[in-house]
Amino acid sequence: MNGNKKTKTIHHPSAIPLYAAGAIFLLWALITPIYRLSYILIGASLAIAAWLAAKRFFPGRVETYEVEEYTGDEELDKQIKYARQLNKRVGEIAKQTPDASIRESLESVTRSTDRIIEDVVRDETDRNNAYTFFSYYLPTLDKLLSFYTADVGAGANASESKSRIENSLSMVATAFSKQADNMYKNEAMDIKTDIAVMETMLRSEGLIENN
């Protein structure tokens, strides 16, 4: 889910039409008495025509890229930036993980984190609900995954720790999913209210039956 990002489009014009116009004018200047005003005007007209024709065949390129959105709150935006960086790393770890269940848990974590970031950026009233998520859950997950992906040898303690991390990822994925869903409680209540009000108005106007 990339709802917390916007796309921006930039058009990069091709330089070929300018080169074509310049070449035509230069060629005209070599074969005509360009010092006369009439020939200058003709040459300019030919150059413009060449520029327009070349522009049709060489329109340039359009570049579209994503622009990340933030809240405007400096401290919160630092947390959001950190969350996005961590989420990207979690996604990379998921791609490199051969175990299907671990990969599924990590992918679920990235989806939930995206949803939470999106809601925090979009809805100011839900930002307090994500304080613990940003300040504790994500840094703790970062710490666990740093250990999990580190080359700590094959000792008994290291193996046991990695095994515990693997076993906890399903729990983390479930918790993150619930946190993401909880962020939409207020919006869900608003939707229920809107539907109830609309239903009442439709009944009062006789547009739907009372039953």
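How many helices and strands make up the secondary structure of the protein? In this predicted model, the secondary structure comes to seven helices and two strands. Their order along the sequence is β-α-α-β-α-α-α-α-α. The protein is more spread out than a compact globule, because its radius of gyration is 30 Å, well over the 17 Å that the globule rule gives for 211 residues. The C-alpha trace spans about 90 × 75 × 35 Å along its principal axes.

**Burial, contacts and surface**

Of the 211 residues in the protein, 27% are buried. Among contacts with a separation of 6 or more, 70% are between residues 24 or more positions apart. The accessible surface of the protein comes to about 14300 Å², and carbon and sulfur atoms account for 57% of that surface.

**Charges and salt bridges**

The protein carries 25 positive and 29 negative side chains. The centres of these two sets lie 8 Å apart. Across the whole structure, a search finds five salt bridges. Three of them, including one that links two helices, are listed here with the distance between their closest N and O atoms.

| Salt bridge | Closest N and O atoms |
|---|---|
| Arg89 with Asp142 | 2.2 Å |
| Asp119 with Arg122 | 2.8 Å |
| Arg164 with Glu160 | 3.2 Å |

The salt bridge of Arg89 with Asp142 has its closest N and O atoms 2.2 Å apart. Arg89 lies in helix α3 (residues 74-96) and Asp142 in helix α5 (residues 131-149), so this pair ties together parts that are 53 residues apart in sequence. Arg89 is partly exposed, with a relative accessible area of 26%. Asp142 has a relative accessible area of 17% and is buried, since the cut-off for burial is under 20%.

Where do Asp119 and Arg122 lie, and what separates them? Both belong to helix α4 (residues 100-122), and because they are three residues apart there, about one helical turn separates them. Asp119 is buried, at a relative accessible area of 0%, whereas Arg122 is partly exposed, at 44% relative accessibility. The salt bridge between Asp119 and Arg122 thus joins a buried residue to a partly exposed one.

The pair of Arg164 and Glu160 sits in helix α6 (residues 156-182). These residues are four apart in that helix, so about one helical turn lies between them. Is Arg164 buried or exposed? Arg164 counts as exposed, because its relative accessibility is 57% and the exposed class begins over 50%. Its partner Glu160 is partly exposed, with a relative accessible area of 39%.

**Gln179 in helix α6**

Helix α6 also holds Gln179. Is Gln179 buried or exposed? With a relative accessible area of 16%, Gln179 is buried. Which residues does Gln179 touch, not counting those up to four places away in sequence? They are Ile116, Asn129 and Phe133. Ile116 falls within the residue range of helix α4 (residues 100-122), and Phe133 falls within that of helix α5 (residues 131-149). Gln179, in helix α6, therefore touches residues from the ranges of both of those helices.

Conventions. Residues are numbered from 1 along each chain as its sequence is written. This is a predicted model: local features need pLDDT of at least 70, side-chain atom pairs count only at pLDDT 80 or more; totals for chains, interfaces and linings use all residues. Side-chain values use heavy atoms; hydrogens and water are left out. The radius of gyration is taken over C-alpha atoms; the globule rule is 2.2 Å times the number of residues to the power 0.38. Buried means under 20% relative accessible area, exposed over 50%, partly exposed in between (1.4 Å probe, protein chains only). Contact means heavy atoms within 4.5 Å. Accessible areas come from the Shrake-Rupley method with a 1.4 Å probe; for residues, only the protein chains shown count as cover. Lys and Arg count as positive and Asp and Glu as negative; His and the chain ends are not counted. The place of a charge is taken as NZ of Lys, CZ of Arg, CG of Asp or CD of Glu. A salt bridge is a side-chain nitrogen of Lys or Arg within 4 Å of a carboxyl oxygen of Asp or Glu.
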